[in-house]
Amino acid sequence: MTEARIPYQKLPIRSFGWAGPARLWLGPDHLLQVSTTSVSERYRRFYLRDIEAVLVRRTNLRLVLNLISGGLAGLGVATGGAFWWMASLAPDESGAIALRVFAAIFGLFAVACLLFLLINSLLGATCACFVQTPAGLDRLATPGRSRQARKLIQRLAPLIAAAQAPAPETTPAVTP
């Protein structure tokens, strides 16, 4: 006996959180969140007719990541500069080469941190997204950026409104 497959649309919103990657799928009458770890998958289904609100709250995660990345970049520049300065004071050339190699490694580390800082800033503000249902308030693992959350709400709003619209009343046919 074969089961009928539900046609799902993969939403272009995904995230990678502390627990692993997560993805949203749109079914004919529900939103499905799939959270994956290395050994398991977790599914959470939100029926469109039950969604009372989609809430988006800005978070400070982008600021925190930028501060950490900027601090590490500054530390890499300072350490690389210190190694370069020690290389200029080294009495023999073999010691100076080793110190310059360490300076280059710390310089590359600083460049990588600055690149991460730039990409994180360009991606936009971070947010937490929640779905309010009669069962309570549930956090969506995705989206993690405000721009993605706006796109998700624009996509879901008409579908939720259509699912929650009252069914047209049928009047019995009256025969004269």
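Two strands count as paired here if DSSP finds at least two bridges between them. Keep that in mind for the first view of this predicted model.

**View 1. Strand 3 meets strand 4 in an antiparallel pair.**
Seven bridges hold the two strands in register with that definition, and they run antiparallel. A hairpin takes the chain from strand 3 to strand 4 through four residues. If you want one bridge to look for, pick S35: its partner in strand 4 is R42.

**View 2. Q33 sits buried in strand 3.**
Strand 3 covers residues 30-36, and Q33 is part of that run. Is Q33 buried or exposed? With a relative accessible area of 2%, Q33 is buried, because the cut-off for that label is under 20%. Its side chain has a polar partner too: the side chain of Q33 reaches the backbone nitrogen of A141 at 2.8 Å. Leaving out residues up to four places away in sequence, Q33 touches R23, L24, R42, Y43, R44, F46, R139, L140, A141 and T142. So R42, the bridge partner of S35, turns up again among the contacts of Q33, and the list also includes R44, which comes back in the next view.

**View 3. D138 and R44 form a salt bridge.**
How many salt bridges does the structure hold? There are two, and in this one the closest N and O atoms of D138 and R44 are 2.5 Å apart. The pair links distant parts of the chain, with D138 in strand 7 (residues 136-140) and R44 in strand 4 (residues 41-47), 94 residues apart. Neither end gets the buried label: D138 counts as partly exposed because its relative accessibility is 22%, and R44 counts as partly exposed at 29%.

**View 4. E93 and R100 form a salt bridge.**
Here the closest N and O atoms are 3.9 Å apart, which still makes the cut because the limit is 4 Å. What about the surroundings of the two side chains? E93 counts as exposed at 52% relative accessibility, while R100, at 30%, counts as partly exposed.

**View 5. Helix 1 and helix 2 pack against each other.**
Start with helix 1 (residues 61-89). Its 29 residues should span 42 Å at 1.5 Å a residue, and the end C-alpha atoms are indeed 42 Å apart, so the two values agree. Which residues of helix 1 are buried? They are N66, S69, A73, G76, G80, F83 and A87. An α-helix has 3.6 residues a turn, so residues three or four places apart point the same way. The buried residues of helix 1 pack against helix 2 (93-122).
Now helix 2: it has 30 residues and reaches 43 Å from its first C-alpha to its last, close to the 44 Å expected. A96, L99, A103, A110, C113 and N120 are buried there, and what covers them includes helix 1. Just after helix 2, G124 takes a positive phi of about 100°.

**View 6. T142 and P143 are joined by a cis peptide bond.**
For this bond, omega is about -5°. Where is P143 placed? P143 lies in the loop between strand 7 and helix 3 (146-164). On the other side of the bond, T142 is one of the residues that Q33 touches.

Notes: Residues numbered from 1 in each chain as written. Predicted model: local features only at pLDDT ≥ 70, side-chain atom pairs only at ≥ 80, totals over all residues. Heavy atoms only, no water. Buried < 20%, exposed > 50% of the residue type's maximum accessible area, 1.4 Å probe, protein only. Polar contact = N/O pair within 3.5 Å; in protein donor to acceptor, adjacent residues only side chain to side chain. Contact = heavy atoms within 4.5 Å. Expected span 1.5 Å × (residues − 1). Salt bridge = Lys/Arg side-chain N within 4 Å of Asp/Glu carboxyl O.
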